[in-house]
Each structure stands twice: as C-alpha cells, then as structure tokens.
Amino acid sequence: MNPSKLTVVLSQAQGQHPVRRHLEENLASALLLEHGIDVSVIPHLYDLTEDHTGMLFLRSITGDIVVLSWLYPRAAHWMLDRHGVKGKPGEARLAGGEEEEEEEEEVGPASEDTEAIGDEEKPKPIEAADVPDRYIYTLDLRQQDRPEPYLEEIRRIAAECLGRRKNTLSEGHSASRAGEMKPRGFIARESIAGPAASRGNGRPGSEQLLATPARRRWYPVIDFSRCTNCMECIDFCLFGVYGVDAKDRILVENPDNCKKGCPACSRVCPEHAIIFPEYKTPAIAGANLGSISGLKIDLTRFFGGDDALSLAAKERDRELVRDGRSAVGLTAGIPKRQGARNKEGPRDELDQLMDKLDKLDL
Ligand code: SF4
Ligand code: SF4
C-alpha cells in the first residue's frame, strides 16, 4: 500500500455468479494497470466479521478509499462505518443510478405523513461519530455491466483526491496529513482465484488481497445520517440485537442474533434508518432515500405502508415461534406513537398537537 496512491477495494459478490465474477475479474485486471491506484479484493463486505482479514485490511487504510461492491452505496458506507472504517462520504458520479430502479413491493396507500411535511418538527440525526478527515467513495457494481464506466469514475476520483491532498499540503498541513496517510496495518496475501489473480500476481506496484471466504450473515445496519437515537428499535427487537455504546448511542451490538431474512425493525424505525442490505425491497436494502424524499413521496409506503407495524409484528412473531417462544403480536415493544397511529388510522391535526405536547414532557 503506497500512501501516495488511492486504495481501491473490490468486494466480491456472494456465491459464484459467473456474470458478476467476470466483471470483477475484468475490473481487477484493468485496475492493476492504472497508475496511482492500489487494488485489493475482499469477500462480500456484508459478510465480513470484525476480525476477518478483509476487515483488518480495510481498517488499516488511512487515506481515501474507493469501495466497489454489490450493494447500494448508502448501505456500503454505513456498513463500513459500523466496522470502524470511517470517512466522509465521497460523491460518486457514476451513471446508471438508483433513480432508474423500480420499487418492487409493499407499496401501500399514501398517507399525509410525508417526509417533507415532517421535516420541520423532526429531531436531528445523531450522525456518524469520530469521522476522520478522509473520503470514502462507495460504488455499486450493479449500476453498470462493463468495467469502463467504473474505471473512468475511479480515475476522476483519483484526480479529485490528489487535488485535495495537494491543497491540504499547500495549506501547511503537510506534516500531520503525511502522518495520517501512512499505512499502519498489514496485508495478508492469500490465494486468489480466477484469471485476474494470475495476471496481477507479482506485478510491481500492484496489490491484491483475497482472504478466506466469509459465511453469509444477516444483520441490520444503521444509517446515522437519519437515526435520531430514539431507541424504538431496541425496544422492538426481542432478540438482543441492539445495544448502546458508552455515549448512549444506539448500536448493533449482537448482529448475529438477528433472524435471517427478517427485516421487522426496519419497518418500525420512524426515520427509516435501518438497512438490511440483502433484502429485496430497495428502500430497506439501502437505496438512496434522499432522492426519494426529495420527490415528496411518503416513505412509509416503501416500508410496508400503513400496515408496516402489523407486518413487523407478524415477522417478529414468526421468529419468536421458530425460537420456541410465544408470539407477542402488538403487545410488546411497540412504539407508542406509531402504535396509536396504526390502531387509529391516518393522523390528523389533533394527533400532531398531541405529539408536540409529548415532546414537551410535562
Ligand atoms: S429506531 Fe431508527 S432512529 Fe430510532 S434509534 Fe433505532 S435506528 Fe435510530
Ligand atoms: S430483524 Fe428482527 S431480530 Fe433482527 S434486529 Fe430487527 S427485530 Fe431484531
């Protein structure tokens, strides 16, 4: 890892999807020929545990990073943040974005509780903690089926990062910045499968990593640019997935306690801040809600509509019963405000007034 170079990390798809492998191999091969870029390959980002070699490698990078993965960029960013790979979100300009995708299911009747209407009264998001002065660009490998658009974008990002570094140096921060850029971790070289590996191995200046395959995982990822630390998720989850850190911020404490395939708490979160990156519905999987809310669409439609809470309770009951426990329906851990809404139908002005009085905590 050369501190003057941009680190590009390619996170592989799960399984052995031939089309996806082909794109990965072509991209890795092409990136090896690029000047000013170090490229490494890791297993699927979502599946990496804290102590996986791929995660240790990611945490060892201290400069700007580009992460290519088969995930929505928002999901990948907050997944990295959760593992301590923190940075400011770099703005990617890859064509073929999410706005072209269609939502698939769970589109219920629109209510008046739109993102736009709620904005004025909303509590503020708690945002990511301890973010260093570097950028992380996350690109979705599903956006294009050829390597060229990615290469073009990575070159643009490399130039952007270099320009930023030069500015920082010329502003007299050279000593501290150089210290930040110095790599401090190690890279464990292991076997890499496929033609990209054989072409890349031994090439001066190139670098690849493929750690041991990771088993599939399923757990929630919190988007702290939306999360207000309301704790409704910790009350709702009866499987001990959530906890709080030393600063009383919500965190996913026991990710592997989460029940595979179930996205129940994402429907309960009032800020739509909980992401399940492998779920089939784009809004829950981490599609960019900013662009959706910009269109003043009621986001609750994408999380189960007006029935979201009942749906979440059913999904939770299913998992409780599978665990040999009793179903609890809507009797446990149901957010008061949403529970009332769910029972009584669409909210009116009186509901909104009551919410304001609740906030006064009289
Ligand atoms: S329910 Fe959503 S907003 Fe509230 S603490 Fe959990 S993730 Fe954050
Ligand atoms: S999906 Fe279910 S088990 Fe997993 S964190 Fe949410 S409520 Fe808990």
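Trainee: Which residues on the other side of H11 are exposed?

Mentor: In this predicted model, a residue counts as exposed if 12 or fewer other C-beta atoms lie within 10 Å of its own. On the other side of H11, that description applies to Val321 and Arg322.

Trainee: Which residues of H11 are buried, and why are they on the same side?

Mentor: An α-helix has 3.6 residues a turn, so residues three or four places apart point the same way. In H11, the buried residues are Ala308, Leu309, Ala312, Ala313 and Arg316. They are on the same side of H11 because the arc they cover around the axis is only 130°.

Trainee: What span does H11 reach from its first C-alpha to its last?

Mentor: Helix H11 runs over residues 308-322 and has 15 residues. At 1.5 Å a residue, 21 Å is expected, and the helix comes close to this with a reach of 21 Å.

Trainee: Which residue with a positive phi follows H11?

Mentor: The phi in question is near 80°. The residue that follows H11 with this value is Gly324.

Trainee: How many charged residues does the shell around ligand 2 have?

Mentor: Ligand 2 is surrounded by residues including Phe236, Cys237, Lys259 and Arg316. Arg316 is also among the buried residues of H11. By class, the shell has 10 nonpolar residues and no polar ones, and its charged residues number two.

Trainee: What percentage of the residues in the protein is buried?

Mentor: The secondary structure of the protein comprises 13 helices and nine strands. Of the 362 residues in the protein, the buried ones make up 34%.

Definitions and conventions. Residues numbered from 1 in each chain as written. Chains lettered and ligands numbered in written order. Predicted model: local features only at pLDDT ≥ 70, side-chain atom pairs only at ≥ 80, totals over all residues. Helix = DSSP H or I, 4+ residues; strand = E, 2+ residues; numbered from the N terminus. Expected span 1.5 Å × (residues − 1). Buried ≥ 20, exposed ≤ 12 C-beta atoms within 10 Å, placed from the backbone. Arc of directions from axis to C-beta. Near = placed C-beta within 6 Å. Nonpolar A, V, L, I, M, F, W, Y, C, P; charged D, E, K, R; others polar.
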